[in-house]
Amino acid sequence: MTRDDPLIVVLGGTGYLGSSLVSRLAALGVRTRAVGRRQAWRTLPLIEHVRADVTCKTDLAAVVREADAVVHLVALLSGGRSWRVAEDDPEGHRVTVQPMYDLLDITGADRRAPLPIVTAGTTTIAGCPDRARLDGTEPDRPGTAYDRHKQAVERALLTATESGVALGVPLRLPTVYGAGAGSPGSGVVSAMAARAVAGLPLTMWHDGSVLRDLVHVSDVASALWLAVRHAAALGGRTWLIGSGDAIPLGDVLRMIAAATTRWTRDAPVPVVRVDPPEYATPADFCDVEVDPGPFTAITGWRATVRLEDGVDAVVRATLAETDRYRDARKPLPTNRISPS
């Protein structure tokens, strides 16, 4: 690898999705600049880690200089982990949206050819469509501040693609889970795994029949990389990423409880229904199943991690972060999930 090889810049490269993508690129030998405000959790060969605040336009311009493609994974998360951002929080626009505006301004001023830019959004931009299976034809009905911020990022990127400034590829993701690079993960699976390991009941805000399409973070990392590679064919519209299957959330929680029991030998924790909190949104009660067929037809991408294996790995990663694993009767094995 030399300085003449294409350079991929990952903004948000130390976050949950970003660090998993960077690990994927390292395994493939892709020249990468991982940009984040946090210290990288480990050193990887062929990866340049840069600590920078991309909400500062000057810093952003410096880190994307010489980039052959950019993956934009910057967003404001409540507490660093949750998408439930307050409606009146001005940081949402400053952290999630403004860096894309600045990136496109920098790109338009400094380049002659369109810059491939991939970004990760959310299927909840479509709100609660009449049908559970999403195919990308649903009208946008964003219901939360986070959805609206992600929609603004997409629209700016697609407008810049129409004008020839960028080659934009927005991906929309359903529920992402899994033990990522240096983390047990985020979202409902990791939160419930933490409760199960602590011996607490697993709570749900409904009868458990709500369907979710869960896609593993390593499969998302693979999709992001393929989006970069196929940007010429994909640029100019949004693309759905998902496993293609949906499972009741009650079944997912029972799967977490059973996986925890396998490693701790404790009795399974109960799965119970509780009243939804005030911050629950309509999307929390909508079925979601994603059709990734159009993206697959161009890139060949498919979700490869079985849900049972992914959940088991989250439980083991959660145990490894606690003192309880020392008392487990079984040693924790290595992760069975290979890079997708």
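These are my notebook entries on the sheet, two helices and a cavity of this predicted model.

**Entry 1, the sheet.** I looked up the strand order first. Seven strands make an open sheet, and they run β3-β2-β1-β4-β5-β7-β12 with parallel pairing. I then asked why β3 and β12 each have one side without a neighbour in the sheet. Each of them stands at an edge with a single partner strand, so one side is left without a neighbour.

**Entry 2, one strand pair.** I examined β1 (residues 8-11) and β4 (residues 69-72), which pair in the parallel sense over four bridges. Within this pair I noted that L11 is placed opposite H72 of β4.

**Entry 3, helices on the sheet.** I checked what α1 (residues 16-28) touches as it packs on the sheet: β1, β2 (32-36), β3, β4, β5 (115-122) and β7 (166-173). The direction of α1 makes about 160° with that of β1. I turned next to α6 (residues 217-229), which packs on the sheet and touches β1, β4, β5 and β7. For α6 I recorded an angle of about 160° with the direction of β7.

**Entry 4, cavities.** I searched for enclosed space and found two cavities of 30 Å³ or more. I followed up the second largest cavity, which holds about 30 Å³. Its lining consists of D135, G136, R237, W239, L240, D291, P294 and F295. I sorted these lining residues by class and obtained four nonpolar, one polar and three charged. Which elements supply at least two residues each to this lining? I found β12 (239-240), the edge strand of Entry 1, and α9 (293-299).

Terms used: Residues numbered from 1 in each chain as written. Predicted model: local features only at pLDDT ≥ 70, side-chain atom pairs only at ≥ 80, totals over all residues. Heavy atoms only, no water. 1 Å grid on protein atoms, 1.4 Å probe; cavity = no way out; pocket = protein on both sides within 12 Å on 5 of 7 lines; lining within 4 Å. Points joined across faces, edges and corners; volume = space filled by probe spheres on them. Nonpolar A, V, L, I, M, F, W, Y, C, P; charged D, E, K, R; others polar. Pairing = 2+ DSSP bridges. Contact = heavy atoms within 4.5 Å. Axes fitted to C-alpha atoms, helices over the stretch in contact; angles between N-to-C directions.
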